[in-house]
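Here are some short exercises to work through with the model open beside you. Try each task before you read its solution.

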Amino acid sequence: MAVHSTPIASAAADAIASAELARRPVRLPRPGEALAFRRIVIGLLAVVVLAPVVLIVYQSFLDNPFFAPAAKLSLSAYRYILTDSMFYEALGNTVIMAVGMVSIAVPLGAALAFLITRTDLKFKRALEILVLVPMFISSIVLSFGYTVSVGPSGFITMAFRSVFGSAPWSLYTLTGIIVVCGLSHVPHVYLYVSAAMRNLPSDLEEAARVTGAPLWRVCLDVTVPMVLPALVFATALNLMIGFEMFGVPLVLGEPSGIVVLTTYVYKLTTLFGVPTYQLMAVVVVLLVLMTLPLVWYQRRLLRHARRYAALGGKGARTQVMRLGAKGQAIALSIIGFWLFVSVILPIGGITLRAFVGAWGQGVNPFDHLTLAHFGNLLEVPSLTRGIVNTMILAVVGGACAVAIYLVVGLAGHRNRDVSNTLLDYIVLLPRAMPGLMIGLAFFWLFLFVPFLVPLRTTLISIFIAYLVVGLSYGLRLLQGTLIQVAPELEEAARTTGATIGRSWRDVVIPIVRPGLAGAWALIMIVFLRDYATGVYLMSAGTEVIGSLMVSLLQTGAMDIIAALAFVSILLTAAAIGLALRLGAKMHD
Amino acid sequence: MSNLGMLGWSACVTLAAAGVAWADDPALVEAATSEGAVSVYTSTDIAQAKGLLDAFTAKYPGIRIDYNDVGTNGAYNRVIAEAAAKQMGGDVVWSSAMDLQMKLAADGYFEPYASPEAGVVPDWGKYQDLLYATTIEPVGIIYNKLVVGEDQVPKTRADLIAFLGDPAFNGVVATFDPEKSGSGFLFHTNDLHETTDFWDLAAAFAAANGKTYSSTGSIKETVVSGENALAFNIIGSYGIEWAQEIENLGVAFSSDYTAGFSRVAGIPAGAPHPNAAKLFVDFMLSKEGQSALAASDLPSLRTDIETGLDLDSLDELVGGNLRPIALNDTLLEFMDPMKRVEFLKEWKAAGKS
């Protein structure tokens with residue numbers, strides 16, 4: 001899912017990378033550029049990423065599952081989807097959801113970035129971390145949490161109703177989905193915009209202040225136009241995330257029958273009784289075709305972003321603007337309210353649900369307090385295993401992933417070969433596909449590719465799928481770290497006769513080591529929150545928390561789901577703690 | 001149909017009365033133990049199956065159970081994909097999607113096995129030595145006692161249609177979604193076969209702005225919380241269990257007609273542990289296995305168990321008109337995609353006329 005590939009520190013990385021790009025003189029490849037190493041690594045990566053993609057594209061042009069003897073080439077799947085009214089309904093809802101989400105997340109994210117980077121807002125240091133929390137919570141956990149707190153019988157809804165007679169919101173509507181998605185993606189915008197705003201000189205803002213402009217005018221007329229490229233970039237990114245959004249519409253769209261493209265794919269599993277992989281594949285191909293232009297456009301923007309920002313000049317000391325007592329109060333209460341809605345409400349809801357047997361109208365949940373749901377987690381081997389596996393995948397898998405991303409990162413580090421263009425594009429592909437389908441494609445690969453067969457029922461199969469799903473995010477993280485090593489250090493090593501491999505081993509890697517630890521913690525969070533990739537891939541012995549929740553949703557065992565969600569929140573909190581300790585670059 | 005069901009039933013009662021005994025076949029036990037494991041592809045929650053699994057492990061400590069709760073579609077998908085790859089990983093497919101199981105059987109994915117326990121399974125619960133029903137579970141109604149009064153609870157299908165017409169319950173009635181849930185599809189289409197007023201019910205449901213969900217569990221969550229007042233055509237065996245645990249939840253069945261479905265087990269061709277699979281199927285049908293299932297609120301289709309509900313006591317509980325869904329070709333009718341789409345279209349259009 002695209003959510004996994006959402007960069008945290010990569011805004012900075014992108015900016016640095018684009019600066020690097022501009023500075024770089026055109027040079028022909030020379031001997032000793034480790035070309036063989038680069039090409040082998042990038043080639044291997046291309047195989048791993050392209051295999052599932054090619055399989056899905058191939059499946060979309062068949063009339064039966066690709067492994068069925070009766071399967072033959074056909075456009076019938078495209079014909080069905082393109083004439084199915086539900087597809088267009090789903091497409092329409094998806095566009096509304098993505099646009100709606102962006103129109104909430106972008107203004108709020110920009111305002112938040114302005115307040116934190118350009119003003120003397122109080123509690124800045126704590127807020128810088130707190131405002132990122134919503135992006136760490138798995139969207140499926142988030143949705144369950146909202147159901148319990150602000151659903152039609154949620155405890156906040158009922159408290160509100162008992163005071164005011166009725167509650168003016170309705171969670172299970174397209175609007176409800178948009179608001180939930182929008183609020184939870186504010187950090188995704190904030191990250192990019194704040195990175196851009198931090199680099200701005202304050203002279204123009206000061207000039208505006210001196211001529212008497214109120215703060216909000218300065219923000220709208222001076223600051224925001226200067227970071228426009230970052231805003232457009234964040235908009236494109238969030239539109240893409242909106243197109244791939246699965247967890248929120250899966251849970252909140254169900255009661256009123258709202259379908260979006262990702263849940264439409266999921267629905268195609270049951271609609272015909274037997275699986276219609278060709279139809280699912282078609283939707284995914286169409287989804288990729290729709291999102292790839294966004295990815296491409298996003299990268300193009302990046303190249304120009306720095307040029308824009310540089311217009312302001314450099315070197316001037318940044319002077320923060322004063323908010324005043326009233327301004328402080330207003331700003332802090334808005335941020336507080338947003339945090340309450342997007343963190344406290346869902347986490348509170350899921351926590352409550354995990355500890356009670358019954359809730360809702362006429363029920364005092366505190367009469368039904370129980371630890372029984374957690375007892376289940378300990379008693380039922382597959383659930384216990386799911387928790388253990390998730391931890392292994394996050395901790396060990398996360399470390400392996402960092403090592404692999406580092407190798408790929410080095411292969412692309414100051415790479416002047418054509419293979420680098422290939423790398424750029426294969427990294428983008430998984431970003432444009434739902435994790436659910438990547439997992440399904442890997443399930444097939446592990447089933448039908450002979451030398452992979454023994455790995456299918458091991459955690460390695462899930463790890464490889466995670467690796468691909470997290471690729472664009474993880475690689476950006478590593479590239480961002482690598483690019484910070486000044487080229488003269490490497491050149492010094494090379495001049496004294498070191499091979500390129502040696503200069504990496506003795507110069508680059510030791511320097512980036514602290515960055516690697518931080519990246520490890522952040523990848524851990526990404527692996528912890530994944531729920532879609534394992535749905536088709538996991539089997540007895542390789543259960544993971546996120547996908548267990550999705551599969552339990554089929555029978556609706558909410559007690560267990562809530563307990564698992566609570567455990568997942570605890571694990572994520574631990575990983576965030578670790579990330580902070582290791583000094584992960586959540587911020588630039 | 002109903003007569004058939006009743007026939008099969010009395011046959012079962014007779015057999016049970018005759019006391020068909022079954023002793024372990026030592027050769028099978030030995031072969032199964034040397035295989036050392038049995039892998040189950042299922043749609044039954046592990047929490048629900050735990051009693052059965054523990055009883056099996058206690059009896060055959062040498063055989064490990066790999067329990068894969070992959071859902072009805074997951075079980076089906078895995079079987080066809082793994083069969084194509086000649087990498088069958090499942091030994092027993094145990095699923096509540098009776099139609100998908102029939103489809104697999106009809107397409108030759110199952111290996112015949114004449115279980116020595118087959119005698120206890122009524123005729124409606126068997127298909128050519130390929131499939132065996134292992135439970136009998138009523139399709140029923142759950143409701144929120146704080147919202148729906150005892151006297152308002154529908155007692156018959158006609159009552160239910162009338163209930164849907166009550167403006168007080170507009171927008172707060174739920175049922176299984178036939179599009180998203182195979183079980184939901186089965187329950188609704190089975191009603192279409194078994195009753196004459198199915199489309200009246202569908203129209204009334206749509207007119208009442210009813211809501212549909214993909215699982216009985218998520219329906220329960222909404223009924224317990226009061227978000228919905230009542231839900232029909234849901235898995236009644238769960239309803240019976242929940243009504244005992246949750247004080248504001250009630251369960252009800254139509255006395256004039258209550259459908260019963262079964263979790264169906266079969267052994268796929270190419271199963272890696274065929275002997276353990278046979279032993280597991282035998283155990284599921286045995287008195288011990290059935291008692292363990294019934295103790296976990298999955299009523300037994302035997303009549304000689306001591307704990308929990310069995311075929312007779314369940315029939316009594318639902319008002320005497322329990323009609324089990326039979327394992328036969330009728331189930332394949334809606335496996336035809338065109339017929340399926342047609343039904344779904346009609347279902348969606350029901351309220352709009």
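**Exercise 1.** Find the two domains of chain B and describe where they touch.

*Solution.* Start with the bounds, which come from an automatic or database domain assignment: domain 1 of chain B covers 2–136 + 262–317, and domain 2 covers 139–258 + 333–348. This is a predicted model, where local features need pLDDT of at least 70, side-chain atom pairs count only at pLDDT 80 or more, and totals for chains, interfaces and linings use all residues. Residues are numbered from 1 along each chain as its sequence is written, with chains lettered from A and ligands numbered from 1 in the order in which they are written.

Next, take the spacing: the C-alpha centres of the two domains of chain B lie 28 Å apart. Then look for contacts (C-beta atoms, placed from the backbone, within 7 Å): 11 residues of domain 1 of chain B meet 8 residues of domain 2 of chain B. On the domain 1 side, helix 4 (71–84) and helix 5 (98–106) of chain B give two or more residues each; helix 5 of chain B has the largest share, 4 residues. Helices here are DSSP runs (H or I, at least four residues), numbered from the N terminus.

**Exercise 2.** Is helix 8 of chain A largely enclosed or open?

*Solution.* First apply the cut-off: a residue is buried if 20 or more other C-beta atoms, placed from the backbone, lie within 10 Å of its own. In helix 8 (residues 174–184) of chain A, 9 of the 11 residues are buried, so this helix is largely enclosed by the rest of the structure. Among the buried residues are A:Ile177, A:Val180 and A:Leu183. Finally, trace the neighbours: the buried residues of helix 8 of chain A pack against helices including helix 4 (85–118) and helix 16 (324–355) of chain A.

Definitions and conventions: Two residues are in contact if their C-beta atoms, placed from the backbone, lie within 7 Å. A residue is buried if 20 or more other C-beta atoms lie within 10 Å of its own, exposed if 12 or fewer, and partly exposed in between; C-beta atoms are placed from the backbone.
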